[in-house]
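Notebook open, viewer open. I want to go through this one piece by piece and jot down what I look up.

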Amino acid sequence: MKVFINRFDPDSGRQWVQEYECDIGGHSYTVMDVLQKISDEQDPTLGYFRHSICNHGICGRCTMKINEKVGLACTVLASEHESLYLRPAPNSPVVRDLVVDTSRR
């Protein structure tokens, strides 16, 4: 699966889209699972939000644009898409990559 992620480096102000290839092997992975796999196997610098109760859809901190629709990375199934284009949640300041400041919501 091709995964395109909007990246942002707060130190330099640089923004870019980075492409990853992620083998999900027919598993029912969530978008969060794909992000974790990319972070573990390809790019530990990837910034996204995850904590101990993720995959329950409770807190909303993993909200992002997934293929141009707003959704929770911990509940949206990546396996239902041919590819993923991930952007930070709209209407919130970006801290780094897919992490946004939710204190002003």
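**Core.** I started with the largest nonpolar core, which comes to 22 residues. V3, I5, V31, L35, L84 and L86 have the most contacts inside it. I then looked up where the core residues come from: β1, α1, β3 and β5 each put in at least two. The top contributor is α1, with five residues. I note for myself that nonpolar side chains tend to be buried together in soluble globular proteins. One caveat to keep in view is that this is a predicted model.

**Helix α1.** Next I took the helix itself, residues 31-41. Which of its residues are buried? I get V31, M32, V34, L35, K37, I38 and S39. So K37 and S39 sit on the buried list along with V31 and L35. Residues three or four places apart in an α-helix point the same way, because there are 3.6 residues a turn. I also checked what lies over these buried positions, and the cover includes β1 (2-9), β2 (14-21), β3 (63-66) and β5 (83-88).

**I5.** I picked I5 from the core list and asked what it touches beyond four places in sequence. The contacts are W16, V17, Q18, Y20, L35, I38, L46, L86 and L98. Two of these partners, L35 and I38, are also among the buried residues of α1.

**Largest pocket.** I looked up the volume, and it is about 170 Å³. The lining is N6, R7, F8, Q15, W16, V17, P88, A89, S92, V94 and D97. By type I have six nonpolar, three polar and two charged residues. Both β1 and β2 give at least two residues to this lining. W16 and V17 turn up here, and I had already met both as contacts of I5.

**Cysteines.** How many disulfides are there? The count is zero. C22 is in none, and the nearest cysteine sulfur, in C62, is 17 Å off. C22 is also buried, at 1% relative accessibility. I looked harder at C74, where the closest cysteine sulfur is again that of C62, at 3.6 Å. That is too far for a bond, because the cut-off is 2.5 Å. C74 is buried too, with a relative accessible area of 6%.

**Positive phi.** I searched for non-glycine residues with positive phi and wrote down two of them, E68 and N91. E68 has a phi of about 70° and lies in the loop between β3 and β4 (69-72). Is E68 buried or exposed? Partly exposed, with a relative accessible area of 45%. N91 has a phi of about 65° and belongs to the loop between β5 and β6 (94-96). At 81% relative accessibility, N91 is exposed.

**H81.** Last entry. I found H81 in the loop between β4 and β5. It is partly exposed, at 28% relative accessibility. What does H81 contact, leaving aside neighbours within four places in sequence? I get M1, N67 and V76. I also took the C-alpha to C-alpha distance from H81 to W16, and it is 22 Å, with their positions 65 residues apart in sequence. W16 is the residue I had noted in the pocket lining.

Notes:
Residues numbered from 1 in each chain as written. Predicted model: local features only at pLDDT ≥ 70, side-chain atom pairs only at ≥ 80, totals over all residues. Heavy atoms only, no water. Buried < 20%, exposed > 50% of the residue type's maximum accessible area, 1.4 Å probe, protein only. Helix = DSSP H or I, 4+ residues; strand = E, 2+ residues; numbered from the N terminus. Contact = heavy atoms within 4.5 Å. Core = buried A, V, L, I, M, F, W, Y, C linked by side-chain atoms within 4.5 Å. 1 Å grid on protein atoms, 1.4 Å probe; cavity = no way out; pocket = protein on both sides within 12 Å on 5 of 7 lines; lining within 4 Å. Points joined across faces, edges and corners; volume = space filled by probe spheres on them. Nonpolar A, V, L, I, M, F, W, Y, C, P; charged D, E, K, R; others polar.
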